[in-house]
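Subject: Structure handover

Hello,

Here is the structure I promised to pass on. Please open it and keep it beside this message as you read.

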Amino acid sequence: MLQGCLLPEKSLEVTVRCDIRSGNLLANLPDAQQAEVFQVLLEQPGSMQIERIVSRGQVTPEGVWYDQERDEWVLLLTGGAELQLADEGAARRLEPGDWLHLPAHCRHRVVWTAPEQETVWLAVHWKQEKEA
């Protein structure tokens, strides 16, 4: 379906085609009992990615740390989780509504997700532009 979009910065009204996508982050959850499920919702290749992650009892394997090239902002929507950051002693407990910004190369791992229900995350990854 095409929608009209007004561009207020123009002196004339211009109607452009808008590629509108929508959905519900908590609907049609995939089965995550065997493995964590990553679903890309929106992507601007090379610069930004938004994904839904569904976990159910999964953790990062012992001794493995995520060390990502891009910043990550994560929001826990349902369930529960604990994240361990390499430079912190205790794991951080996340409950629905909690969010966390992980700068690029902030080493972290998931040490617990709720085993009795789906833990649904919204993650936004982006690459910082280099300063001139």
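Below is what was found in it, starting with the whole chain and then going residue by residue.

**The chain as a whole**

Please note that this is a predicted model. The chain has 132 residues, and 30% of them are buried. How many helices and strands are there? There are 0 helices and 10 strands. Read along the sequence, the pattern is therefore β-β-β-β-β-β-β-β-β-β. Now take the contacts between residues at least 6 apart in sequence. Of these, 63% join residues at least 24 apart.

**D71, a charged residue without a salt bridge**

Start at strand β5, which covers residues 71-78 and includes D71. D71 is buried, yet it has no salt bridge. Why does it have none? The nearest side chain of opposite charge is R70, 8.8 Å away, and a salt bridge needs the two charged groups within 4 Å. What does the side chain of D71 reach instead? It reaches the backbone nitrogen of A104, at 3.2 Å. D71 also has many contacts beyond its neighbours within four places in sequence. Among them are H101, L102, P103 and A104. V124, H125, W126 and Q128 are in contact with D71 too.

**D67 and H105**

Next, step back to D67. It lies in the loop between β4 (48-55) and β5. D67 is partly exposed, with a relative accessible area of 41%. Leaving aside neighbours within four places in sequence, D67 is in contact with H105 and R107. The D67 side chain makes a polar contact with the side chain of H105, at 2.8 Å. D67 and P103 are 36 residues apart in sequence. In space they are 9.7 Å apart, C-alpha to C-alpha.

H105 deserves its own look. It lies in the loop between β8 (99-102) and β9 (108-113). H105 is partly exposed, at 43% relative accessible area. It is not a glycine, but its phi is positive, about 70°. Why point that out? Most residues other than glycine have a negative phi.

**N28, another positive phi**

N28 also has a positive phi, about 50°, and is not a glycine. Where is it found? It is in the loop between β2 (16-17) and β3 (37-44). Is N28 buried or exposed? N28 is exposed, with a relative accessible area of 73%.

**Q58 and A35**

Q58 lies in the loop between β4 and β5. At 14% relative accessibility, Q58 counts as buried, because the cut-off is under 20%. Its side chain reaches the backbone oxygen of A32 at 2.6 Å. Not counting residues up to four places away in sequence, Q58 touches A32, Q33, Q34, A35 and E36. It also touches V110, W112 and T113.

A35, one of those residues touched by Q58, lies in the loop between β2 and β3. A35 is partly exposed, with a relative accessible area of 41%. Now compare A35 with V59. They are 24 residues apart in sequence and 9.8 Å apart in space, C-alpha to C-alpha.

**The aromatic rings**

How many aromatic pairs are there? The count comes to 1. W73 and W99 form the pair, and it is tilted. The ring centres are 5.9 Å apart, with 35° between the planes. The pair links distant parts of the chain. W73 is in strand β5 and W99 is in strand β8, 26 residues apart. W73 counts as partly exposed, at 25% relative accessibility. W99 counts as exposed, at 52%. Why do the two fall into separate classes? The line for exposed is drawn at over 50%, so W99 passes it and W73 does not.

One more ring to find: W65. The charged end of R109 sits over the ring of W65, 5.7 Å from its centre.

**Where to look first**

Begin with D71 and its reach to the backbone nitrogen of A104. Then find the polar contact between the side chains of D67 and H105. Finish with the tilted pair of W73 and W99.

Best wishes

Note on methods:
Residues are numbered from 1 along each chain as its sequence is written. This is a predicted model: local features need pLDDT of at least 70, side-chain atom pairs count only at pLDDT 80 or more; totals for chains, interfaces and linings use all residues. Side-chain values use heavy atoms; hydrogens and water are left out. Helices (H or I, at least four residues) and strands (E, at least two) are DSSP runs, numbered from the N terminus. Buried means under 20% relative accessible area, exposed over 50%, partly exposed in between (1.4 Å probe, protein chains only). Lys and Arg count as positive and Asp and Glu as negative; His and the chain ends are not counted. A polar contact is a pair of N or O atoms within 3.5 Å; within protein, one must be able to donate a hydrogen and the other to accept it, and residues adjacent in sequence count only if both atoms are side-chain atoms. Contact means heavy atoms within 4.5 Å. Rings of Phe, Tyr and Trp (its six-membered ring) pair if their centres lie within 6.5 Å; planes under 30 degrees apart count as stacked, over 60 as edge-to-face and the rest as tilted. A charge sits over a ring if NZ of Lys or CZ of Arg is within 6 Å of the ring centre and within 35 degrees of the ring normal.
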